[in-house]
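Visitor: I'd like to learn how to read a strand and the sites around it. Could you walk me through one case?

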Amino acid sequence: MEKLVSSWFTRPGNHVIPRCNTILVVDLSKALAHDRIAIAQQILKASQEFRFFQVVNHGVPENLVTDTMNVFKEFFELPAEDKVSVYSNNLKRPCRLYTSSSNYDHENVHLWRDNLRHPCHPLEDCIKIWPQKPTRYREIVATYSIEAKKLGLRILELLSEGLGLGSGFFGDKLSESSLLSVNHYPPCPDPSLTLGVSRHCDPNLLTILHQGDEYGLQVFKDGEWIGVEPLHNAFVVNIGHQLQIISNNKLKSAEHRAVTNSRVARTTAAFFINPSDDCVIEPDKSLIDTNESPAYRPFQFKEFLLNYSSLMGNPEKCLEPFELHA
Ligand code: OGA
Ligand code: NI
């Protein structure tokens, strides 16, 4: 059916998508001072309504971000023989480069992207499996992953204050792991025919995305797609499925996708803050109102991930096996 010409109007590139530079920008330097309570409330409100926000004055040095994004671009520009050792379609390989989605052989339409992903925790162990080229990859990305994690924890701390939870609520196992997912979208001859990344919510707790200076990210809000205009030296933050579950739907995971363009390559880096594999996820008692019951059953995070990848991240289906119906 997808092949019918009469269905083409549904294709992503044939729509005019409004671009939005009104997505909330939070100045994190203010969270250090007397404005902290107001900033925590701002972040909470943005997480509840928009599910996305951006942060500036975030404490990650600008030159580190520039070096990291450059080293990612250099990685994708390497000749094929330098990338072959990390290229793999085996989902069990923790550090791998692949094309389109993790389900290349069974997807209807291939995506216009290459993706490099690897864990970042525990750093001393996983750095050994990261790409060896470009030669400065490991050193720069290690520093970046430490800073991105720090930033993620600061934001989680503000969120927990906003929710009225104790300090350190999202610490320990809930935010122990991290994964770096680097997307590379070469210029696409016809962006109307496919996407860079199809619609999904991230399976994690929280995502800290650096989308570079090229547009491509779109968020689904109130029944329509809205483009997120890049803001220089800002990070885009979005709520993942686990935060939705833990908060018993007080926070909602953000549905988003990426479109391509025909002019320039776009490289983005998504830093996923994840629970540890064996961490038990369930709605926290303090976030279940007295007139509510838990909306999800307890499960181990690794169970969620397995299910997520078998459903290819389908946002309608991937919470279903964990839902409880009152
Ligand atoms: C992701 C993602 C968006 C982008 O990697 O999960 O949603 O703009 N990326 O690359
Ligand atoms: Ni995503």
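Guide: We'll go from a strand to a metal site, then to a ligand shell and two loop residues. This is a predicted model, where local features need pLDDT of at least 70, side-chain atom pairs count only at pLDDT 80 or more, and totals for chains, interfaces and linings use all residues. Residues are numbered from 1 along each chain as its sequence is written, chains are lettered from A and ligands numbered from 1 in the order in which they are written, and side-chain values use heavy atoms, with hydrogens and water left out.

Visitor: How many residues of strand S13 are buried?

Guide: Start with the general idea: in a regular strand the side chains alternate between the two faces of the sheet. Strands here are DSSP runs (E, at least two residues; helices are H or I, at least four), numbered from the N terminus. Buried means under 20% relative accessible area, exposed over 50%, and partly exposed in between (1.4 Å probe, protein chains only). In S13, residues 266–274, 9 of the 9 residues are buried, so the strand is largely enclosed by the rest of the structure. One side has Arg266, Thr268, Ala270, Phe272 and Asn274, the other Thr267, Ala269, Phe271 and Ile273, and all are buried.

Visitor: Which strands are joined to S13 by bridges?

Guide: Two strands pair if DSSP finds at least two bridges between them. S6 (residues 177–185) runs antiparallel to S13, with 9 bridges; there, Tyr185 has Arg266 as its bridge partner. S8 (residues 206–210) is also antiparallel to S13, through 5 bridges, and Ile208 is matched with Phe271.

Visitor: What are the protein donors of the nickel ion?

Guide: Donors are N, O and S atoms within 2.8 Å of the metal (3.2 Å for Na, K and Ca); water is not among the atoms, so sites may look incomplete. For the nickel ion, ligand 2, they are His200 (NE2), Asp202 (OD) and His256 (NE2), at 2.1 to 2.2 Å. Their spacing along the chain reads H-x1-D-x53-H. His200 sits in S7 (residues 197–200) and His256 in S12 (residues 256–258), so the pair ties together parts 56 residues apart in sequence. His200 is buried at 14% relative accessible area, and His256 is buried at 6%.

Visitor: Which strand gives the largest share of the shell around ligand 1?

Guide: A residue belongs near a molecule if one of its heavy atoms lies within 4 Å of it. S13 gives the largest share, 4 residues, while S6, S12 and S13 each supply at least two. The surrounding residues include Asn183, Leu217, Ala258 and Arg266. For polar contacts, look for N or O pairs within 3.5 Å; within protein, one atom must be able to donate a hydrogen and the other to accept it, and residues adjacent in sequence count only if both atoms are side-chain atoms. An oxygen atom of ligand 1 is 2.7 Å from a side-chain N or O atom of Thr268. The protein covers 96% of the 290 Å² of accessible area that ligand 1 has on its own (Shrake-Rupley method, 1.4 Å probe).

Visitor: And the loops: is Ser262 buried or partly exposed?

Guide: Ser262, in the loop between S12 and S13, is partly exposed at 48%. Its C-alpha is 4.6 Å from that of Pro187, 75 residues apart along the chain. Asn204 is in the loop between S7 and S8 and is buried at 0%; its side chain makes a 2.9 Å polar contact with that of Thr207.
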